[in-house]
Amino acid sequence: MNLPNRITISRILLIPVFMVIMLAPFDWGTLYIGDASIPVAHLAGAILFIIASTTDWVDGYYARKLNMVTNLGKFLDPLADKLLVSAALIILVELGLAPSWIVIIIISREFAVTGLRLVLAGEGEVVAANMLGKIKTWAQIIAISALLLHNIPFIFISFPFADIALWVALFFTVYSGWDYFAKNKAALLNSK
């Protein structure tokens, strides 16, 4: 197994660790910053999520630079992204930090596009990730990170960055999903 695929697998293996940190029933204490507070577990979980998310860029960089792009990597990389983002979003709903309807739309889009790719792959068509899909992924990661951090970086200026970032992520999620289906409509309708 090559280095980029090992990095991708490490991202997948970090997901249960992230979940335990965020959902464990024991109290690690609370960090107070001005008038705001954040549970230490949420801060640790946010840091771990950010580290895991950056491995998405790292594995892609090395796969291209070292010419190590593999079919396994093409399968695992988007799967790892979807698993990490979905786990974080579901945890945010459980903690009351994100509205469930937005999370349902985001996760539904991921299932729909994955289904589209599977149907097209059965017809011999490969749907590569485009720039809009990459923007969507990073918008989601930024929104999730801000929500996990309880918007702490912006509390002193009273700017609801985390909420705005979630709406931006929702926009790019819906728009990129529509774009995938619009561009592949003919192939999808003509599939056997």
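Student: How many helices and strands make up the secondary structure of the protein chain?

Tutor: Helices (H or I, at least four residues) and strands (E, at least two) are DSSP runs, numbered from the N terminus. Here the protein chain has seven helices and two strands, and from the N terminus on the elements run α-β-β-α-α-α-α-α-α. This is a predicted model, where local features need pLDDT of at least 70 and side-chain atom pairs count only at pLDDT 80 or more, while totals for chains, interfaces and linings use all residues. Residues are numbered from 1 along each chain as its sequence is written, and side-chain values use heavy atoms, with hydrogens and water left out.

Student: What radius of gyration does the protein chain have, set against a compact globule?

Tutor: The radius of gyration is taken over C-alpha atoms, and the globule rule is 2.2 Å times the number of residues to the power 0.38. For 192 residues, that puts a compact globule near 16 Å; the protein chain has 18 Å, which agrees. Along the principal axes, its C-alpha atoms fill a box of roughly 60 × 35 × 30 Å.

Student: And which residues touch the most other members of the largest nonpolar core?

Tutor: A nonpolar core is a set of buried Ala, Val, Leu, Ile, Met, Phe, Trp, Tyr and Cys residues joined through side-chain atoms within 4.5 Å. Buried means under 20% relative accessible area, exposed over 50%, and partly exposed in between (1.4 Å probe, protein chains only). The largest core has 33 residues, and Phe18, Phe49, Leu89, Leu92, Ile144, Leu148 and Leu166 touch the most other members. Among the elements giving two or more residues to this core are helix H1 (3-23), helix H2 (40-65) and helix H5 (131-148).

Student: Which residues does leucine 92 touch?

Tutor: Contact means heavy atoms within 4.5 Å. Not counting residues up to four places away in sequence, leucine 92 touches Leu97, Ala98, Ile144, Leu147 and Leu148.

Student: Is alanine 143 buried or exposed?

Tutor: Alanine 143 is buried, with a relative accessible area of 1%. Its place is in helix H5. Leaving aside neighbours within four places in sequence, alanine 143 is in contact with Ala165, Leu166 and Ala169.

Student: Where is histidine 42 found, and which residues does histidine 42 touch?

Tutor: Histidine 42 is found in helix H2 and counts as buried, at 10% relative accessibility. Beyond residues up to four places away in sequence, histidine 42 touches Met22, Leu95, Leu148 and His150.
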